[in-house]
Amino acid sequence: MAVQQRQWGTTPSISWTLPSEREILQNEELTDELKRQGQYEAPGETDKKQKLLIQLQKIAVEFVKHVCRKNNLPQSIINSAGGKIFTYGSYRLGAYAPGSDIDTLVVAPRHVSREDFFEHMPSILEKMLPAGAIEEMKPVPEAYVPIIKLMISGTDIDLNFTRLAVSSVPFDLDVKDTNLLRGLDDRELRALNGPRVADELLELVPQKKTFRTALRAIKLWAQRRAVYGNIVGFPGGVAWGMLVARVCQLYPQATGSVIVMKFFRIIGRWNWPQPILLKESEDHPIQARVWNPRLYPTDKYHLMPIITPAYPAMCATHNIGPTTKKIIIHELERGGDITDKISFGRLQWKDLFTKHTYFTKDYKYYLSIISGSTSKDAQASWSGFVESKVRLLVQALEGQGTIGVARLFNKGFAREHRCKDEDERQSVLRGDMQYQATDVKTETTDNINDPLHNAVAQGNADATRSPNGSSEPVRDVSEPHAFYTTTYYVGIELAQGLWSPSKGD
């Protein structure tokens, strides 16, 4: 029997039908497969993260008090200043895998500045956390959203900062209150947007558990099929989350498995560029810029607009281009074909999560772009700068009449080499692998998740420390020295009708 309730989203729901026994069984099978695929962390790890966040909350309050005392503010203001830690991203949405980082935001009152955060927070962290708990700490004040990158007792923390134009930040502060946006600059707005979007998104889905199961599945699918990553022109985690949330709104009573099955057909056949909206846009007296193609000409060029639900509404997928749109729709269609067969018992959930064939089958020709530096820090900046330009190269390639498809792989490959002289380094930059260090494994840029690299890749030129890729000259010596490279790959498909030599030619 159908259950009639409130309208979720901008249109009426498609179905309020309760799950059948078969659908409940399929949902259990999906959950079991996600566990086999390592998408759920052990309860002990979850408890460990929750305790760490409690510690960080105490540190945030002490940090605010410390700055107030340094500024000789009255004790009454110090006592009431407060300070609050908010989480956002995959952790806040409850759809994170073991080893994932925790995106956190320190919110402080108006008398605490961004400069105070980078000057005082590192020493307070060292003072208040147990000895040896901080395994890594890297402040990046130049980032798109200023950040301190931390590894604390094996947990990866991205610690961001913003301040509000208020005298006190109480523990029960509601970050969704749009009045808090008054008086904020662009950086402060961007920082606050993370938890605001996450909290708003969770309030706009009918069943959080269903949403989280479906999102875990879709994120794993997107990562396995290499259609994940905002910087290179695919949806990021939050964008995929908003797509899943929209399908949840259309089927409020459905199980996670049904949401996944409906997802591929609904999103794959969406009438783009009609935007995905979880709620109607709202106005506010602060008059911040919101996504509106009628007012802003650049918004008209967004090919697959997915709009954040929190004010000010922004497009989370502005980097999607013609080729990545084509690839996304193709993969959605493929996913729909597989889930149809899963529904009829002809395939299993594991078949949905098979790895991409980008390097083994999809393309005959590949272009590799290699950047190199003589220090890790220089390479973090230099590789980010190169990544920010590779998309422009791909766009130029697509404009050539001889090229049908130019697809950038969604992550770079970081390697360490041992080179004695400049000739060997130049050989590495031409693709020679004989000098690669055998005791250091190749890592991908998404796993490294270097904040300086990400800052430059997102177009923040201020974060570029070594534009030529070298921090200092390296002399030719008999002993090999480390040389760090990052390689990006572009799969090339020639335009139809062009002659292509066979492998035997």
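What follows is a short set of questions and answers about this predicted model.

Biologist: Which residues in the largest nonpolar core touch the most other members?
Modeller: In soluble globular proteins, nonpolar side chains tend to be buried together. Here the largest nonpolar core holds 92 residues. Its largest share, nine residues, comes from helix 8 (residues 237-250). The members that touch the most others are F211, W221, W240 and F263.

Biologist: Which residues is F263 in contact with, leaving aside its neighbours within four places in sequence?
Modeller: F263 belongs to that largest core. With the neighbours within four places left aside, its contacts are I218, W240, L243, V244, V247, G268 and L332.

Biologist: How many residues does the second, separate core have?
Modeller: This core is separate from the largest one. Its members include I59, A81, I85 and F117. The count is 31 residues.

Biologist: Are helix 1 and helix 9 roughly parallel or roughly perpendicular to each other?
Modeller: Take helix 1 (residues 21-36) and helix 9 (residues 256-268). Their axes come within 7 Å and cross at roughly 85°. Angles of 65 to 115 degrees count as roughly perpendicular. The two helices are therefore roughly perpendicular.

Biologist: What kinds of residues make up the contact of helix 1 with helix 9?
Modeller: Helix 1 brings E23, Q26, N27 and L30. They meet G256, S257, V258, V260 and M261 in helix 9. The contact residues divide into four nonpolar, four polar and one charged.

Biologist: Which strands are the edge strands of the open sheet?
Modeller: Strands of a sheet pair through backbone hydrogen bonds, either parallel or antiparallel. Five strands form this open sheet, with mixed pairing, in the order 1-2-5-4-3. An edge strand pairs on one side only. The edges are strand 1 (84-88) and strand 3 (134-140).

Biologist: What is the bridge partner of E136 in strand 4?
Modeller: Strand 3 and strand 4 (residues 147-152) run antiparallel. Six bridges join them. In strand 4, the partner of E136 is M151.

Biologist: What angle does the direction of helix 5 make with that of strand 3?
Modeller: Helix 5 (residues 114-128) packs on the sheet. It touches strand 2 (102-108), strand 3, strand 4 and strand 5 (155-163). Its direction makes an angle with that of strand 3 of about 170°.

Biologist: Is T323 buried or exposed?
Modeller: T323 sits in helix 10 (residues 322-343). Not counting residues up to four places away in sequence, T323 touches E398, V405, A406 and R407. Its relative accessible area is 10%. Buried means under 20%. So T323 is buried.

Terms used
Residues numbered from 1 in each chain as written. Predicted model: local features only at pLDDT ≥ 70, side-chain atom pairs only at ≥ 80, totals over all residues. Heavy atoms only, no water. Axes fitted to C-alpha atoms, helices over the stretch in contact; angles between N-to-C directions. Helix = DSSP H or I, 4+ residues; strand = E, 2+ residues; numbered from the N terminus. Parallel < 35°, antiparallel > 145°, perpendicular 65-115°, else oblique. Contact = heavy atoms within 4.5 Å. Nonpolar A, V, L, I, M, F, W, Y, C, P; charged D, E, K, R; others polar. Buried < 20%, exposed > 50% of the residue type's maximum accessible area, 1.4 Å probe, protein only. Core = buried A, V, L, I, M, F, W, Y, C linked by side-chain atoms within 4.5 Å. Pairing = 2+ DSSP bridges.
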